[in-house]
Structures are given as structure tokens and as C-alpha cells.
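New to this one? Here's a quick briefing to read alongside the sequence and the 3D view.

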Amino acid sequence: MNIAAKTPSVAAEAAAILEKLGVDKALYTEGDMSSYSPVTGEKIGSLKTVSADEAAKKIEKAHVAFRAWRLVPAPKRGELVRLLGEELRAAKDDLGRLVSIEAGKIRSEGLGEVQEMIDICDFAVGLSRQLYGLTIATERPGHRMMETWHPLGVVGIISAFNFPVAVWSWNAALALICGDAVIWKPSEKTPLTALASQVILDRALARFGDAPEGLSQVLIGDRTIGEILVDHPKVPLVSATGSTRMGREVGPRLAKRFARAILELGGNNAGIVCPSADLDMALRAIAFGAMGTAGQRCTTLRRLFVHKSVYDQLVPRLKKAYQSVSVGDPLHSSALVGPLIDKAAFDNMQKAIAEAKAHGGSVTGGERIDVGYADGYYAKPALVEMPKQAGPVMEETFAPILYVMPYNDFDAVIDEHNAVAAGLSSSIFTRDMQESERFLAADGSDCGIANVNIGTSGAEIGGAFGGEKETGGGRESGSDAWRAYMRRATNTVNYSKALPLAQGVSFDIE
Ligand code: NAD
């Protein structure tokens, strides 16, 4: 079923939300950078961009703010993030709606993205009292050794269009409690939600009272503005989320000046359905993982290996789900699949499908759907049965295409699973403990995220998020990801009256 609905001007609705949230109108009506809603293709903003000089000045200002903020006790810094969580709760409906308008997410996913921001704030508030260092046994009498964690500096955040606000909050909430300042270069495809998030933080800052000016700022612009963050000597850490192509450019530039990088890049995530799998559960997890967010999550399920013994039970049901899934206007209908971000995304999808066919693929879906907007790019999710893993299956195409392949041998399928360049998320569906444990073992999945009996997408904030190989190796959000936002000092204190040297070295001067 394809759902068509008439949306009143999304531009007017976006403007009304921005006004309600208190964003300065000039910022999104008087500039030269256009932004569009993928829902209708309509222009929704004319954004003021920063010049290279202005960007550098803002970074300097953030550095000054950092020098003051690092001296505020961490639990007090946590209070700012607690207030941010409160403001986000109050703004959840509006910001969630704006995410849907600007990124095309269905309503529950737009709201879910803001919920993720709230969750990371809660996590960071608790963490602000737990930035623990170790006490370490020393070999010298009358000495004490310990680790101290100090604020790092200005943290640059570069984000992608598909999680326009959550990724900023994962970084910003941690960086702020760690005593850092933050500067954010959002995707040029989703700048309005960035302006909205900044005013929400501004409200928290106003309530907090005495935080230094310039502690959090937004740089609106294209990748050249991102490059300024990447190259600036007063930005010791850049957390960059986006394509592997972007990471290949950003990574070496950061390395050249010995800055830290958190790279959160593309994924080519796979699932394995084993003979003992609960097929009803697998079906639901696969459908959400592969079709949800119109296939535009870094953790979207893109490759599925199904054991030959259950292939004919599962795949026809899956095809039926693909044929019946509702595609449509995410703002004014109950469709489960919204639009692709733009025409280029749709063209890439068609190209990959054509290549898959050339490699012997058999395609269900994939065609453009007319929802009533000439400039909205809606596509039926595509399920492509492939004889083997080859051609476009090896790459991430940022669209709803699921390649399905049969397998026979468990060892061989683990090798196939790990044969791609990316290493973000993975899952196995099995009730066989030997298979599930092997999948999680050292010779199992090589991804940063490996799941059993749940899909590849929809991570919670409590765990460290990120992936290996060409996904970039970065970790952000939960667990001990906070350590990347601080610098570690090892301190040795001598409270004795002697000066013994380590390793028994003697150096006796007259
Ligand atoms: P993109 O790479 O086109 O852009 C991402 C951001 O990087 C934008 O803000 C862009 O302006 C900036 N940028 C691009 N080149 C740059 C450069 N040379 N220097 C500095 N900044 C630069 O990605 P996109 O199309 O917005 O997002 C989709 C991609 O992001 C997919 O590959 C997806 O898998 C990935 N992604 C990864 C994660 C993750 O956590 N691993 C999360 C979300 C998205």
C-alpha cells in the first residue's frame, strides 16, 4: 500500500517551529545556502553561512570558553547537561517534527531521535560524577601513582544528514561534562535542526547562569567549513560522522597535526539467519533493520545470509512484507517508509539495483513511488536475491536495498560476513548457543556491534557506538567513550624522604 497525502507547506511549518523555539529568523531566511525538505522537495530555508574568517574566530572564542569551563567542577558541568535534558523534553514534539521535516523520518523516528538526545543527557549527568581515574601500585616505597583525567579542549563535531541532531548530542553531552567546548558543523542537508538544537542548549545555558560565552557554537556551511575545524590547531579532537569517503579525507588531515579523531563512517551491515532461528522474530527484525528510515541508517541491514534449510520459509514472507510495506509522506500519513534524502540518493539506488541485476540479482521492489510531490523521492524498498556476494553487495548504498543470499556452511558464512570493507553492525538469528557464541567470539563477527536475535539497527546510548575497518574505529555515546574527550595524566607522588629511581637505576651525584 502506498500512502499519498497532501502536505500543507512544510516550509511554513518549519518556519513556525523555528519561531516557536526562538531561532533568529534572519539565520534561516536571509542567507545564500538553500535547504530542502525531502518530504516534498520544497525549499525550507535560506541559511546564513559562516566565512572562513568567522569560523576561525568562533573557534578562538570557543577556546577561551574552554579555558574557563575546564575549571568548573565536573558535577556542576553535569548540571548544565541536566538542564539541556529538561529543555529537550519540553521541546521534544517540535524538534522531533523538525527532524521529520528536514530528514524525512517517520514521526516515531523523528521523536525517537530526540529521545536519544534526552537519554544521552541523563547518561552524561550521572557520568559527571564518575570520571574515574585509577590508583596504581608503585614499585617504589613512599610513593603513590594515579591517573587524572583532565578536560581536553575544543571538540569539533561534524555530522551527517541521517541523524541530524542525535549525533551532536552524543558528542556534546559528553564533551560538556568532560569540561570541553563544542563547535558543530552540521550536514548542509539538515542545518535547521542544528539551529534549533543550539537555541535549546542556549536556554539551558541561560538557566545555568554563568557558563562562559561561546561554549557551544554552530558553523553553518559546506564541507570547506568542516575542513577549517579539521585543520585548526586549537581543536584537539574532531568527531566526524559521515561517509567513508569523508573519513578518508578527514582522518589523514587530523593525523598530520596529531589531533585526535573519532571517525563514525559508513556501514555494510549483515545478518545471518540460522536453521534454528525464530523466523517470526527474524522477519520483524529484518524488516525494521532493512526498510526502516528508508534504509538511511549507518546501521541499516544491507546483507542477509539465510541458511538453505529455512530460505524457502523465510524469504517468500520477507518478499511479501516488501510488497506490502507502506511508503509515503512521513508527516501526514502512517507510512512506515518515508522519502530518500534527495534525487542523488534515488539515482544511486537505481544504479546499484541495475548493477545487482547484471550480477544475476532478482529484484522485488525498488521502483519510484508517486506520493504526489514531483520533487520528493520515494522508493519502494528493494529486496534483491543474489546468487552470491559480489558487485554492489560489497559496498554501502545509502538506500533501502537488502541483498539476500543463501548459505550452507557456518564457517564459510562467517568469512563471507566479514569479507566487506566496513565493520559497523551485525546480527545473528539462532537458538543454537554454539552458533551465537561463535558469532560473538574472536573469530566471529569483526564488527563494532554484534547482536544476537535482534537486528543491526536501533542501538541504545548505554553502549559504546562505532565500528571497525573502514567504519573508522571511533566510539562515542556510552560505556567508556567519554575518555576520548579528556586527556589522561599519570601522576607519581613521592611522600618519602628518599629518591629511589625506578628499575633500580642509580644516579648518585656529589
Ligand atoms: P557525508 O560524508 O556526505 O557528509 C557528512 C558530513 O561531513 C557533512 O557535514 C559534510 O559537510 C562533512 N564533510 C564532507 N567532506 C568533508 C571534508 N573533506 N572535510 C570536512 N567535512 C566534510 O555523509 P552523509 O551523506 O551526510 O551521511 C551518510 C553517510 O554517513 C553514510 O555513509 C552513513 O553510513 C554515514 N553515517 C555513519 C554513522 C556512524 O555512526 N558510523 C552515523 C550516521 C551516518
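In this predicted model, helix 1 and helix 7 touch through a set of side-by-side contacts: Ala-14, Leu-18 and Leu-21 in helix 1 meet Leu-192, Leu-195, Ala-196, Val-199 and Ile-200 in helix 7. Sort those contact residues by type and you get eight nonpolar, no polar and no charged.

**How the two helices sit**
- Helix 1 covers residues 10-21 and helix 7 covers residues 191-208.
- Their axes come within 10 Å and cross at roughly 15°.
- Angles under 35 degrees count as roughly parallel, so helix 1 and helix 7 are roughly parallel to each other.
- As for handedness, helix 1 and helix 7 make a left-handed crossing.

**A three-stranded sheet**
- Strands 4, 5 and 25 form an open sheet, in the order 4-5-25, with antiparallel pairing.
- Strand 4 (135-136) and strand 25 (486-494) are at the edges with a single partner strand each, so each has one side without a neighbour in the sheet.
- Strand 4 and strand 5 (residues 143-151) run antiparallel and are joined by two bridges.
- If you want a spot to look at, find Thr-135: its bridge partner in strand 5 is Met-146.

**The annotated domain**
- UniProt lists residues 32-488 as "domain: Aldehyde dehydrogenase", and the entry is unreviewed.
- Over residues 32-488, the chain is 40% helix and 21% strand.
- The C-alpha atoms at the two ends of residues 32-488 are 43 Å apart.

Conventions: Residues are numbered from 1 along each chain as its sequence is written. This is a predicted model: local features need pLDDT of at least 70, side-chain atom pairs count only at pLDDT 80 or more; totals for chains, interfaces and linings use all residues. Axes are lines fitted to C-alpha atoms, for helices over the stretch in contact, and angles run from 0 to 180 degrees between N-to-C directions. Helices (H or I, at least four residues) and strands (E, at least two) are DSSP runs, numbered from the N terminus. Angles under 35 degrees count as roughly parallel, over 145 as roughly antiparallel, 65 to 115 as roughly perpendicular and the rest as oblique. A crossing is left-handed if the near helix is turned anticlockwise from the far one by less than a right angle, and right-handed if clockwise. Two residues are in contact if their C-beta atoms, placed from the backbone, lie within 7 Å. Ala, Val, Leu, Ile, Met, Phe, Trp, Tyr, Cys and Pro count as nonpolar, Asp, Glu, Lys and Arg as charged, and the others, Gly among them, as polar. UniProt positions are given in the numbering used here, feature names are shortened, and annotations may be inferred rather than shown by experiment. Two strands pair if DSSP finds at least two bridges between them.
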